[in-house]
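Good morning, and thank you for the opportunity to present. I should like to take the group through one model, beginning with a single term and ending with the backbone.

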Amino acid sequence: MTPVHMAGPSLALREVEPEDTDALLAIYGDPEATRHLSFEPRTPEQVQAIVDRSIASATDTPRTEYCLAMTRRGEHQLIGYARLATEPQQAATIGFALHPAEWGKGLGTETVHLLCALGFQRLGLHRVWAARSPHNEASARTLLRAGMTEDGRIRDHVFVHGAWRDSITYSILEHEWTPIDDVNTKGRPPALAPDADRGQER
């Protein structure tokens, strides 16, 4: 297995580690951070299970799920959680969640670009897609800025907060995606550089 470590201008994606549990709980256990996601706030036990599953999935052969820690470029502390899950027909779904303290800084758009780089450049995919809550307008702006196209609505897609909720879907094809500058997709990130958008579901 070749561990994933990708860096953009402001942030990096790396494999999840056991020490990430508390930082992920600060996101997945927070009602504000999960307000637009497809699940309600997680318990410490549930977050521990997510970390354990994320680590285990990195050793699967073939690997079909990439659950990655989001960090500031040049730093190690988890500030978000990103996921790419492959599907048949050279496709994958992506999603991410950022700590609310990181919202509004453009990191979501960069995350989408990095996940697309993983899908298109490293995995040879043809299509990458994502879904958002109809009320999550910040996510809509993020996905459109990253070059995605709104495809439509899945009615009653998820059951959350005691009710069925639609999802708005977006996608991008390999020939539509334009890589951003200063992206390292093969190894350790370059030297520290300066630089949230609310997450979409996974």
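In this talk, a residue is called buried when its relative accessible area is under 20%, exposed when over 50%, and partly exposed in between. Please also bear in mind that this is a predicted model.

Let us apply that term at once. Is Arg 83 buried or exposed? Its relative accessibility is 17%, and therefore Arg 83 counts as buried. This arginine belongs to strand S4. Its side chain has a polar contact of 2.5 Å with the side chain of Glu 65.

I turn now to the sheet. It is open, has 8 strands with mixed pairing, and follows the order S1-S2-S3-S4-S5-S6-S8-S7. At its edges are strand S1, residues 5-7, and strand S7, residues 149-160, each of which pairs on one side only. From one strand to the next, the twist averages 25 degrees.

One pairing may serve as an illustration. Strand S5, residues 91-98, and strand S6, residues 127-132, run parallel and are joined by 3 bridges. Within this pairing, Thr 93 has Trp 129 of S6 as its bridge partner.

Next, the helices that meet the sheet. Helix H1, residues 21-28, lies across S4 and S5, at about 85 degrees to S4. Helix H2, residues 44-57, packs on the sheet as well, where it touches S3 and S4 and makes about 110 degrees with the direction of S3.

What of the interior? As a general matter, nonpolar side chains in soluble globular proteins tend to be buried together. Here, the largest nonpolar core has 34 residues, and those that touch the most other members are Leu 13, Ile 94, Val 128 and Met 148. Strands S2, S3, S4, S5, S6 and S8, together with helices H3 and H4, each give two or more residues to this core. Which element gives the most? The answer is H3, with 8 residues.

Leu 13 deserves a closer look. Beyond its neighbours within four places in sequence, its contacts include Val 4, His 5 and Met 6, then Leu 68, Ala 69 and Met 70, and also Leu 114 and Leu 115. A second core, separate from that one, has 16 residues, among them Leu 37, Ile 50, Val 51 and Tyr 81.

Helix H4 offers a further view of the packing. Its buried residues include Ala 138, Ser 139, Ala 140, Thr 142 and Leu 143. The buried residues of H4 pack against S5, H3, S6 and S8. Just after this helix, Gly 147 takes a positive phi of about 100 degrees.

That brings me to the backbone. In general, most residues other than glycine have a negative phi, and most peptide bonds are trans. Asp 156, in strand S7, has a positive phi near 45 degrees. With a relative accessibility of 45%, Asp 156 counts as partly exposed. His 161, in the loop between S7 and S8, also has a positive phi, near 55 degrees. Its relative accessibility is 49%, so His 161 likewise counts as partly exposed.

Finally, where is there a cis peptide bond? One joins Thr 61 and Pro 62, with omega about 0 degrees. Pro 62 is in the loop between H2 and S3.

Thank you for your attention.

How values were computed
Residues are numbered from 1 along each chain as its sequence is written. This is a predicted model: local features need pLDDT of at least 70, side-chain atom pairs count only at pLDDT 80 or more; totals for chains, interfaces and linings use all residues. Side-chain values use heavy atoms; hydrogens and water are left out. Two strands pair if DSSP finds at least two bridges between them. Helices (H or I, at least four residues) and strands (E, at least two) are DSSP runs, numbered from the N terminus. Axes are lines fitted to C-alpha atoms, for helices over the stretch in contact, and angles run from 0 to 180 degrees between N-to-C directions. Contact means heavy atoms within 4.5 Å. A nonpolar core is a set of buried Ala, Val, Leu, Ile, Met, Phe, Trp, Tyr and Cys residues joined through side-chain atoms within 4.5 Å. Buried means under 20% relative accessible area, exposed over 50%, partly exposed in between (1.4 Å probe, protein chains only). A polar contact is a pair of N or O atoms within 3.5 Å; within protein, one must be able to donate a hydrogen and the other to accept it, and residues adjacent in sequence count only if both atoms are side-chain atoms.
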